[in-house]
Amino acid sequence: MRAYDLILKKRNGHELSKEEIDFLISNYVENKIPDYQMAALSMAIFFRGLNKEETLNLTLAMMESGDTVSLKEIPGVKVDKHSTGGVGDTTTLVLAPLVAAAGVPVAKMSGRGLGHTGGTLDKFESIPDFSTDLTIDEMISAVKNTGVAVVGQTGNLVPADKKLYALRDVTATVDSLPLIASSIMSKKLAAGADALVLDVKTGDGAFLKDLDMAIELAKNMVEIGEGAGRETVAVITDMDQPLGKAVGNALEIEEAILTLRGEGPADLEELCLELGGQMLYLADAVETVEAGKETLKRLIKDGAGLEKFKELIVVQKGNPSVVDDLSLLPKASNLISVKTTKRGYIHKIQAEAIGLAATKLGAGRETKESIIDMAVGIMLEKKVGDLVNVGDEVAIIHTNEVADSSKVKEAIDFILEAYEIKEDAIIQPKLIKGIVDKTGVKIY
Ligand code: URA
Ligand code: CA
């Protein structure tokens with residue numbers, strides 16, 4: 001077999017067999033196929049696509065390119081959740097303890113990555129002394145004892161994706177649906193869960209701006225999951241504004257704690273209940289998704305979710321007092337009000353621009369070496385649908401810089417640009433736009 005012939009075959013629109021895909025991926029990981037051939041193949045895939053079977057085979061080949069985690073020692077159905085992008089998405093911080101409080105084990109492996117805020121790991125590490133540095137065995141025993149653990153990726157998971165994603169990034173082949181779907185799903189399958197709930201974002205702040213593309217991606221991922229024997233449901237959700245109010249690390253931990261107290265932003269709570277309800281349903285803990293949501297509401301009301309959050313913090317060596325005393329979280333020295341110069345209704349809050357503002361403030365990494373400031377970020381005080389007047393505060397910047405620093409000024413510009421304010425009133429957009437599962441697509 002030669003890489004050249006397989007590139008030609010795909011370029012001409014023909015189907016690649018399982019053996020051919022395995023050959024390409026395994027040799028690429030072993031550096032026996034050079035980047036330039038894989039780049040050409042990626043471009044051929046970008047234009048010709050992959051069918052259902054090819055996409056599944058590519059995903060499995062990537063999953064098998066490195067270590068895979070087995071969670072078999074943990075009793076029960078293990079359900080994982082994944083969100084595709086988004087800014088200020090605080091759902092994992094709420095769902096890990098809340099779903100565990102319902103008796104469904106949550107073994108969460110997360111990456112750090114680059115981004116507007118840190119990843120889920122960074123956010124948890126804003127809790128004083130919290131450690132995400134557990135081995136897989138320590139994670140398994142933590143989950144057996146307390147039902148939940150959130151740990152950094154250890155071992156060599158999906159090296160094929162690390163190489164291929166970096167290559168796609170510089171060859172204009174990131175936004176190919178089968179390549180995105182196989183990239184995400186190979187990592188999720190390697191992390192060992194029995195079932196998956198996917199939160200596929202659509203809108204300005206997502207990398208799939210339009211709903212039809214998001215539905216296609218969701219279908220692709222559900223087919224891969226089901227094809228690999230893991231029950232998979234995708235929820236399509238709105239990203240025409242960031243979720244909740246908080247965009248930052250400690251700020252999002254605070255927002256998660258408030259949500260577990262039943263005092264969080266309505267949109268964040270709504271999405272957590274939907275995703276969590278789906279997770280309980282897939283774990284066979286409830287008869288219907290609706291019943292799952294009711295269970296989670298009860299666990300918020302009676303404080304069991306908060307209690308589980310404390311247990312999670314204890315098992316990961318952090319200070320559980322933050323749950324009762326939010327002042328123990330890192331705090332920025334300076335709060336700066338961002339005031340609008342327009343009057344009208346907020347139609348959109350471009351999540352991308354808010355993300356850039358948060359990065360400017362130091363909440364996220366610009367390069368792998370950047371050090372995150374856990375305390376800083378943005379609170380969105382006004383959201384889509386709100387009416388504002390000239391001079392009204394729309395957001396608050398939390399920073400350790402002085403107010404007239406260039407970073408703060410740039411952040412303010414990004415935030416004001418992010419708010420799309422128009423004269424005409426707007427109907428609140430639906431947060432949950434549809435569900436895709438093995439039975440098909442439901443759009444609300
Ligand atoms: N996220 C991933 O992990 N992979 C992609 O290809 C795109 C987004
Ligand atoms: Ca948030």
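In this report, a helix is a DSSP run of H or I with at least four residues and a strand is a DSSP run of E with at least two, and both are numbered from the N terminus. The structure described here is a predicted model.

## The loop between β3 and α8

Valine 158 is found in the loop between β3 and α8, and threonine 154 lies in that loop as well, which runs from the strand at 148-152 to the helix. Most residues other than glycine have a negative phi. Valine 158 has a positive phi of about 45° although it is not a glycine, and this valine is buried, with a relative accessible area of 1%.

Threonine 154, by comparison, is partly exposed, because its relative accessible area of 24% falls between the limits of 20% for buried and 50% for exposed. Leaving aside residues up to four places away in sequence, threonine 154 touches Met109, Leu134 and Ile136. Its C-alpha atom is separated by 19 Å from that of leucine 164, ten residues apart from it along the chain.

## How α2 packs on α8

Helix α8 covers residues 159-169, and it packs with helix α2, residues 18-29, at an angle of about 85° and with the two axes 9 Å apart. Since angles of 65 to 115 degrees count as roughly perpendicular, α2 and α8 are therefore roughly perpendicular to each other.

On the α2 side the contact is made by Ile25, Tyr28 and Val29, which meet Pro159, Ala160, Lys163, Leu164 and Leu167 in α8. Seven of the residues in this contact are nonpolar, none is polar and one is charged.

## Domains and nonpolar cores

The domain assignment of the chain gives domain 1 (3-63), domain 2 (79-324 + 433-443) and domain 3 (331-422). Taken over C-alpha atoms, the centres of domain 1 and domain 3 are separated by 42 Å.

The largest nonpolar core has 79 residues, and those with the most contacts inside it are Phe124, Ile127, Phe309, Ile378, Ile415 and Tyr419. Helix α12 (residues 266-282) gives the most to this core, contributing eight residues, and the core draws at least three residues from each of domain 2 and domain 3. Apart from it lies another core, of 59 residues, which includes Tyr28, Met139, Val158 and Ala181. Tyr28 is thus a member of this second core as well as one of the α2 residues that meet α8.

Which residues does tyrosine 419 touch, not counting residues up to four places away in sequence? They are Lys342, Ile346, Lys348, Ile349, Leu380, Glu381, Lys382, Val394 and Ala395.

## An enclosed helix and an exposed aspartate

Helix α11 (residues 250-260) is largely enclosed by the rest of the structure, because nine of its eleven residues are buried. The buried residues are Ala250, Leu251, Glu252, Ile253, Glu255, Ala256, Ile257, Thr259 and Leu260, and among them are two glutamates, Glu252 and Glu255. After α11 comes glycine 262, whose phi is positive, near 85°.

Further along the chain, aspartate 284 is found in the loop between α12 and α13 (289-301). Is aspartate 284 buried or exposed? With a relative accessible area of 65%, aspartate 284 is exposed. Like valine 158, which has a positive phi of about 45°, aspartate 284 has a positive phi, here of about 60°, although it is not a glycine. Valine 158, however, is buried, whereas aspartate 284 is exposed.

Technical notes. Residues are numbered from 1 along each chain as its sequence is written. Chains are lettered from A and ligands numbered from 1 in the order in which they are written. This is a predicted model: local features need pLDDT of at least 70, side-chain atom pairs count only at pLDDT 80 or more; totals for chains, interfaces and linings use all residues. Side-chain values use heavy atoms; hydrogens and water are left out. Axes are lines fitted to C-alpha atoms, for helices over the stretch in contact, and angles run from 0 to 180 degrees between N-to-C directions. Angles under 35 degrees count as roughly parallel, over 145 as roughly antiparallel, 65 to 115 as roughly perpendicular and the rest as oblique. Contact means heavy atoms within 4.5 Å. Ala, Val, Leu, Ile, Met, Phe, Trp, Tyr, Cys and Pro count as nonpolar, Asp, Glu, Lys and Arg as charged, and the others, Gly among them, as polar. Domain bounds come from an automatic or database domain assignment. A nonpolar core is a set of buried Ala, Val, Leu, Ile, Met, Phe, Trp, Tyr and Cys residues joined through side-chain atoms within 4.5 Å. Buried means under 20% relative accessible area, exposed over 50%, partly exposed in between (1.4 Å probe, protein chains only).
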